[in-house]
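Reader: I'd like to learn how to read a model like this one. Could you walk me through a few features?

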Amino acid sequence: MKKIQLLILLLMPYFLSASTYYLDPTAGKDTNSGLSPQDAWRSFNKLANLRLNAGDCIALKRGEVFDQVLELSAQGSFLEPIVVSAYGQGHKPIIRAPDHSLYAVRIFNSSYLQLKDIEVVNTGSTILPTRTGVKLESSNYGTAHALVLSGLDIRDVNGSLVKGEGGGSGILIESRGDSILSNFDALLIEDCTIKRCQRNGMIWSANWNRNHRWFPSTNTIVRNNFIQGVPGDGIVPIACVNTLIEFNKMVDCPEILPQTEAAAGFWPWSCDNTTIQFNEVTGHNAPWDAQGFDSDYNCRNTVIQYNYSHHNAGGFVLICNSGESRDQIGNIGTRVQYNLSIDDGNRIKPTRMGMFSPSIHIAGPAKETSIYRNIIYAGLKSAENVHRSILTSDSWGGYADQTKIFENIFIAQQKSSFDLQSSTKNLTMDNTFIGEFDSKVILAKTNRMNPDLKGYSAEALRARFLKIKCIAQGKQEIVYLDRQALEDFFDQTAISK
């Protein structure tokens, strides 16, 4: 006990040295000290030359609007992070970027810094490529440690709708380095709301090529976020290792992307060991792809599990690898397991390749993919010309190899296809097929066809396997998979076979 008391006494001067700087754009003055609410500063200009120390806080007054850009570069510590947050009563303070700004908030070359409980808006008079709400940037810096974005409400960002132009986003995480390779470690994005941002929700920008300059970000967590009214990609880590994406919800994607554009819900690119679980994606309507989830190429060991995907125009999941791209390692070891898809793939408008919307799409020479214990329910088509395929494995510069499809339940209310085309070394066994399926593979050899099973309506599946919890600081609800119920069900089904 005496040792602990001595340690506290030794540390007290460090904790007591921290300062809080208050900002109030209405009653504040830049001639004030900024060290109390009654003596608050007026503008972010006072922060430009301020050296923030570990444990310092920047407090923005609630109910106020800051028509400025907030830019910070600061170094906190593990025990004493720098915190930018709100004070007072009322709605969250709003940072509203001036016209022609590429961002409303920029956190640049910082570590152990937290941005919390702030509303961010960046609506310009014209669309700007790469426009974003909050930009995290690590450039010629090394590793930016333990940044936190929490409880942010980011809305109305009018970036470009075209990916090739640079797109736009609610949150942009960018790592660059000409002289010093740079990345992020232990980044946490949680309880945020992203609304009406174009093109994307949150996306990374980094060197995706696995050459000597590949310096992936590590140990990222993205959880409990709500994305609405975003037409493009929802959450896309790029050049990351050990990323966890869980309990996020994406809904109501407007049909405003140009016909040339492809987008999907949550997916990694040039990443290793990404886990995407307990998420809900619904209402994706991109002209191409438009799945709830995707395991993209230049990736290894992506796990997509315990997710609820429903009413996405392009289907439930894409597993892809471009055999036409030589500067990448392919797509190796994807696992898609214990997911529930209901009424995905009901696309009513033609894509750039005609009507196409399989529930599961394997495109190109993906290797060692495992599709295990998923429930895929394809209800009635909303139009006669809707494409209906439970699974299609087709070419993108080559075909998939060593795909294992086992112990899934595939339910089709109308005739559907199961099309492996020229993919090689497939294992298709112990699946349950309910409905009529057109397949060049004789499914009845190793699978159960139309067993006498009840309780497989969409309503019954939702009632049995779904739960509800609050996310985004309790302001939204997510419908997510009951892991125990689903695993127990499959275990019992396996025993009864």
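Author: Sure, and let's begin with burial. A residue counts as buried when its relative accessible area is under 20%, as exposed when that is over 50%, and as partly exposed in between. Bear in mind that this is a predicted model.

Reader: Let's try that on Arg-199. Is Arg-199 buried or exposed?

Author: Arg-199 has a relative accessible area of 1%, and the cut-off for buried is under 20%, so Arg-199 is buried. Along the chain, Arg-199 falls in the loop between strand S17 (193-198) and strand S18 (200-205).

Reader: What does the side chain of Arg-199 reach?

Author: One thing is the backbone oxygen of Leu-161, at 3.3 Å. There is also a polar contact with the side chain of Asp-233, at 3.0 Å.

Reader: How should I read a contact between two charged side chains?

Author: Side chains of opposite charge can pair when their charged atoms come close. Here Asp-233 and Arg-199 meet in a salt bridge, 3.0 Å from N to O. The two sit 34 residues apart, with Asp-233 in the loop between strand S21 (226-228) and S22, so the pair links distant parts of the chain. Asp-233 is buried too, with a relative accessible area of 1%.

Reader: How many salt bridges does the structure hold?

Author: There are 23 salt bridges. One of them joins Glu-119 to Arg-155, with the closest N and O atoms 2.6 Å apart. That pair spans 36 residues, from strand S9 (residues 119-122) to strand S13 (residues 153-158). Glu-119 is buried at 15%, whereas Arg-155 is partly exposed at 27%.

Reader: Which residue pairs with Asp-156?

Author: Arg-196 does, with the closest N and O atoms 2.7 Å apart. This pair also links distant parts of the chain: Arg-196 is in strand S17 and Asp-156 in strand S13, 40 residues apart. Arg-196 comes out as partly exposed, at 46% relative accessibility.

Reader: Now for sheets. What should I look for?

Author: Strands of a sheet pair through backbone hydrogen bonds, either parallel or antiparallel. In this model, an open sheet of six strands runs in the order S4-S7-S10-S14-S18-S22, with parallel pairing. Strand S4 (70-72) and strand S22 (235-236) stand at the edges with a single partner strand each, so one side of each has no neighbour in the sheet.

Reader: How many bridges hold S4 and S7 together as a pair?

Author: S4 and strand S7 (residues 105-108) pair in the parallel sense over three bridges. Leu-72 stands opposite Ile-107 in S7.

Reader: And how do I find empty space?

Author: Rolling a probe the size of a water molecule over the atoms shows where empty space is left. The largest pocket holds about 1100 Å³. It has 46 lining residues, and the closest to its centre are Lys-163, Asp-233, Ala-262, Trp-267 and Trp-269. You've already met Asp-233, the salt-bridge partner of Arg-199.

Reader: Which strand gives the most to that lining?

Author: S14, with five residues. Several other strands supply at least two residues each, among them S18 and strand S10 (131-139). By residue type, the lining of the largest pocket divides into 22 nonpolar, 12 polar and 12 charged.

Reader: What is the volume of the second largest pocket?

Author: About 300 Å³. Its lining has 17 residues, and Glu-255, Asn-285, Ala-286, Arg-347 and Lys-349 are the closest to its centre. The split there is nine nonpolar, five polar and three charged.

Methods
Residues numbered from 1 in each chain as written. Predicted model: local features only at pLDDT ≥ 70, side-chain atom pairs only at ≥ 80, totals over all residues. Heavy atoms only, no water. Helix = DSSP H or I, 4+ residues; strand = E, 2+ residues; numbered from the N terminus. Buried < 20%, exposed > 50% of the residue type's maximum accessible area, 1.4 Å probe, protein only. Polar contact = N/O pair within 3.5 Å; in protein donor to acceptor, adjacent residues only side chain to side chain. 1 Å grid on protein atoms, 1.4 Å probe; cavity = no way out; pocket = protein on both sides within 12 Å on 5 of 7 lines; lining within 4 Å. Points joined across faces, edges and corners; volume = space filled by probe spheres on them. Nonpolar A, V, L, I, M, F, W, Y, C, P; charged D, E, K, R; others polar. Pairing = 2+ DSSP bridges. Salt bridge = Lys/Arg side-chain N within 4 Å of Asp/Glu carboxyl O.
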